[in-house]
Amino acid sequence: MSKLLAMVLAVLVGLSTIPVAFADSMAPEGTITVQYVQINAIKATLSISSSGLAQCNGVIKPKSSGDSSSITITLQRKSGTSWVYVASWSGTGSGISGASASGSKSISSGTYRVVANGKVGSEPASATSSTRTY
């Protein structure tokens, strides 16, 4: 009986490591990669010039050309432990090129990020840029 129990435990321990074995090898360590059905990729980016102009971009790409796409990007500023709205821009598209949105905004000193919320067909997705401090 103890040999059977040991064998069952060994199998369970072995099975518990399977998700690690199939992790996305291209993602940086500590990154969670979401797998979508209709969405190939969604990305948000932020750059800030030396004069304080924030350039915000977002793109969403479908896996196939049969779906419409939409995206809204929102520039946010950190206030304490919260993020507050600064500005937003939207875009729509169809086909394999997906949708993109971009905009720029003069900002004051602080820490900023861009959040992209998009959809391909009926599938939603979101992405957040790295933070930037001006």
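This report walks through a predicted model of one protein chain, from its overall layout down to a few single residues.

**The big picture**

Let's start with the parts list. The chain has 2 helices and 8 strands. If you follow the sequence from its beginning, the pattern reads α-α-β-β-β-β-β-β-β-β. The chain is 134 residues long, and buried residues make up 29% of it. Its accessible surface comes to about 8,500 Å², and carbon and sulfur atoms account for 56% of that.

What share of the contacts between residues at least 6 apart in sequence join residues at least 24 apart? In this chain, the figure is 60%.

**How far to trust it**

The average pLDDT over the chain is 84, and 75% of the residues score at least 70. One stretch to watch is residues 15-27, where pLDDT stays under 50. For that stretch, the model has 2 contacts beyond four places in sequence. Where pLDDT is low, the predicted coordinates should not be read in detail.

**The core**

The largest nonpolar core holds 22 residues, and the ones that touch the most other members are Ile71, Ile73 and Leu75. Which strands supply at least two residues each to this core? They are E1 (39-48), E2 (53-62), E3 (68-79), E4 (82-94), E5 (99-106), E6 (111-120) and E7 (123-128).

**An open sheet of three strands**

Now for the strands themselves. Strands of a sheet pair through backbone hydrogen bonds, either parallel or antiparallel. One open sheet here has 3 strands in the order E1-E2-E5, and the pairing is antiparallel. E1 and E5 stand at the edges with a single partner strand each, so one side of each has no neighbour in the sheet. On average, and ignoring direction, neighbouring strands of this sheet are turned by 5° against each other.

Zooming in on E1 and E2, you'll find 9 bridges joining the two antiparallel strands. Ile39 stands opposite Pro62 in E2, while Ala41 has Lys61 of E2 as its bridge partner. E1 and E2 also form a hairpin with 4 residues between them, and Gly52 in the turn has a positive phi of about 90°.

**E3 and its partners**

Strand E3 pairs with E4 in the antiparallel sense over 12 bridges. E3 is also joined to E6, again running antiparallel, by 9 bridges. Arg77 shows both pairings: its bridge partner in E4 is Val84, and its bridge partner in E6 is Tyr112. E3 and E4 make a hairpin too, with 2 residues between the strands, and there Gly80 takes a positive phi near 70°.

Two residues of E3 deserve a visit. Thr74 is found in this strand, and its list of contacts, leaving out residues up to four places away in sequence, is Tyr85, Ala87, Ser88, Arg113, Val114 and Val115. Is Thr74 buried or exposed? Its relative accessibility is 14%, so Thr74 counts as buried, because the cut-off for buried is under 20%.

Lys78 also has its place in E3. With a relative accessibility of 39%, Lys78 counts as partly exposed. Again leaving out residues up to four places away in sequence, Lys78 touches Trp83 and Thr111.

**Two loop residues**

Ser51 lies in the loop between E1 and E2. Its relative accessible area is 61%, so Ser51 is exposed.

Gly98 sits in the loop between E4 and E5. Its relative accessible area is 8%, so Gly98 is buried. Beyond four places in sequence, Gly98 touches Ile60, Pro62, Ser69 and Gly93.

**Apart in sequence, and in space**

Here are three residue pairs, with their separation along the chain and their C-alpha to C-alpha distance.

| Pair | Separation in sequence | C-alpha distance |
|---|---|---|
| Lys78 and Gly110 | 32 residues | 7.1 Å |
| Ser51 and Ile107 | 56 residues | 9.0 Å |
| Gly98 and Ser69 | 29 residues | 5.4 Å |

Ser69, from the last row, is also among the residues that Gly98 touches.

Note on methods
Residues are numbered from 1 along each chain as its sequence is written. This is a predicted model: local features need pLDDT of at least 70, side-chain atom pairs count only at pLDDT 80 or more; totals for chains, interfaces and linings use all residues. Side-chain values use heavy atoms; hydrogens and water are left out. A nonpolar core is a set of buried Ala, Val, Leu, Ile, Met, Phe, Trp, Tyr and Cys residues joined through side-chain atoms within 4.5 Å. Buried means under 20% relative accessible area, exposed over 50%, partly exposed in between (1.4 Å probe, protein chains only). Two strands pair if DSSP finds at least two bridges between them. Axes are lines fitted to C-alpha atoms, for helices over the stretch in contact, and angles run from 0 to 180 degrees between N-to-C directions. Contact means heavy atoms within 4.5 Å. Accessible areas come from the Shrake-Rupley method with a 1.4 Å probe; for residues, only the protein chains shown count as cover. pLDDT is the predictor's confidence in each residue, from 0 to 100.
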